[in-house]
Amino acid sequence: MEVIEAVLNALDRGGYRAVTMEGIAKNADRPRSSLYRRWPSKRHLVAYAVVSELGENPAADTGTLRGDLLSAVRTLWRAFRGPLGHALAGLVADMAQDAALASSIRQQVLAPRRRSMRAAIERARARGEVRNDLDVELLLDMLTGPFYFRTLFGHASMSRENTEQIVDCMLRVINPNILRRSTR
């Protein structure tokens, strides 16, 4: 979609502040009023673009917890290699100054992704792959944290192999026997 591409290009060029409804309308060759009919504000438009890039349900049901979690973290890896990675620092800074933007991103971007990953963990729990005393919210932070940290601070790159290392490390926490079962 031209509008989403225009938003991602603006984020890539200059972060959240570079996105304007007028600029997006011009770059997508649409009347500004048509954007406002679909997205009542810039915040809504940016949140929609981010969701479009990341996907709402990243934890596909692959039949194993390892496969589900790899599916989820690889969406982050792919997204942060592109415009979202270049814009993340600015977007986070703007979220710190704009409570409405922060709320919108948490509700429209983070909540659906976390819900999807929680569902993967619940499916795994039903299969006996997950310890009962697991703090699921902390696990979700630990799975996604390295992607945000490395993208924000830029001290190290993130590779596709890192996605497997992160998931396998978390699987050892979730259930020390799970890797032996999933690699047989």
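Is E164 buried, partly exposed or exposed? I looked this up before anything else. E164 has a relative accessible area of 34%, so I put it down as partly exposed. The model I am reading is a predicted one.

**Entry: overall layout**

I counted the secondary structure elements and found 10 helices and 0 strands in the protein. Along the sequence the pattern reads α-α-α-α-α-α-α-α-α-α. I took the box of the C-alpha atoms along the principal axes and got roughly 55 × 35 × 30 Å. The protein has 184 residues, and buried ones make up 46% of them. I then turned to contacts with a separation of 6 or more, and noted that residues 24 or more positions apart account for 66% of these.

**Entry: salt bridges**

My list of salt bridges for the structure has 14 entries. I went back to E164, which pairs with R66; the closest N and O atoms are 3.5 Å apart. E164 sits in helix α9 and R66 in helix α5, so this salt bridge ties together parts that lie 98 residues apart in sequence.

Next I looked at D141, whose side chain meets that of R114 in a salt bridge at 2.8 Å, N to O. Here too distant parts of the chain are linked: D141 belongs to helix α8 and R114 to helix α7, with their positions 27 residues apart in sequence. I checked the accessibility of both partners. D141 is partly exposed, with a relative accessible area of 41%. R114 has a relative accessibility of 19% and counts as buried, because the cut-off is under 20%.

The third pair I noted is R131 with D133, where the closest N and O atoms are 2.7 Å apart. R131 is partly exposed at 32% relative accessibility, while D133 is exposed with a relative accessible area of 58%. I also noted a network: R66, R74, E164 and D168 are joined into one by salt bridges that share partners.

**Entry: α5 against α8**

I fitted the axes of helix α5 (residues 65-80) and helix α8 (residues 136-153). They come within 10 Å and cross at roughly 10 degrees. That angle makes α5 roughly parallel to α8, because angles under 35 degrees count as such. From α5 the contact takes L69, V73, L76, W77 and F80; from α8 it takes L143, T144, F147, Y148 and T151. I sorted the residues of this contact by type and got 8 nonpolar, 2 polar and no charged.

**Entry: the nonpolar core**

I then looked at the largest nonpolar core, which has 58 residues. Which of its residues touch the most other members? They are V7, I24, L65, L84, L143, F147 and I174. The elements that give two or more residues to this core are α1 (2-14), α2, α4 (42-54), α5, α6 (83-97), α7 (99-126), α8 and α9 (160-174). The largest share comes from α5, with 9 residues. As background, I noted that nonpolar side chains tend to be buried together in soluble globular proteins.

I followed I174 further. Setting aside its neighbours within four places in sequence, I find I174 in contact with L65, L69, E129, V130, R131, L134 and L139. R131 in this list is the residue that I had paired with D133 in a salt bridge.

**Entry: D29**

What is the sign of phi at D29? I read a positive value, near 55 degrees, in a residue other than glycine. Most residues other than glycine have a negative phi. D29 is found in the loop between α2 (21-28) and α3 (32-38). At 72% relative accessibility, I count D29 as exposed.

**Entry: S41 and A111**

I placed S41 in the loop between α3 and α4. Its relative accessibility is 15%, so S41 counts as buried. I took the C-alpha to C-alpha distance from S41 to T20 and got 9.5 Å, for two residues 21 apart in sequence.

A111 lies in helix α7. With a relative accessibility of 25%, A111 counts as partly exposed. For A111 and T163, which are 52 residues apart in sequence, I got 21 Å from C-alpha to C-alpha.

Technical notes:
Residues numbered from 1 in each chain as written. Predicted model: local features only at pLDDT ≥ 70, side-chain atom pairs only at ≥ 80, totals over all residues. Heavy atoms only, no water. Helix = DSSP H or I, 4+ residues; strand = E, 2+ residues; numbered from the N terminus. Buried < 20%, exposed > 50% of the residue type's maximum accessible area, 1.4 Å probe, protein only. Axes fitted to C-alpha atoms, helices over the stretch in contact; angles between N-to-C directions. Parallel < 35°, antiparallel > 145°, perpendicular 65-115°, else oblique. Contact = heavy atoms within 4.5 Å. Nonpolar A, V, L, I, M, F, W, Y, C, P; charged D, E, K, R; others polar. Core = buried A, V, L, I, M, F, W, Y, C linked by side-chain atoms within 4.5 Å. Salt bridge = Lys/Arg side-chain N within 4 Å of Asp/Glu carboxyl O.
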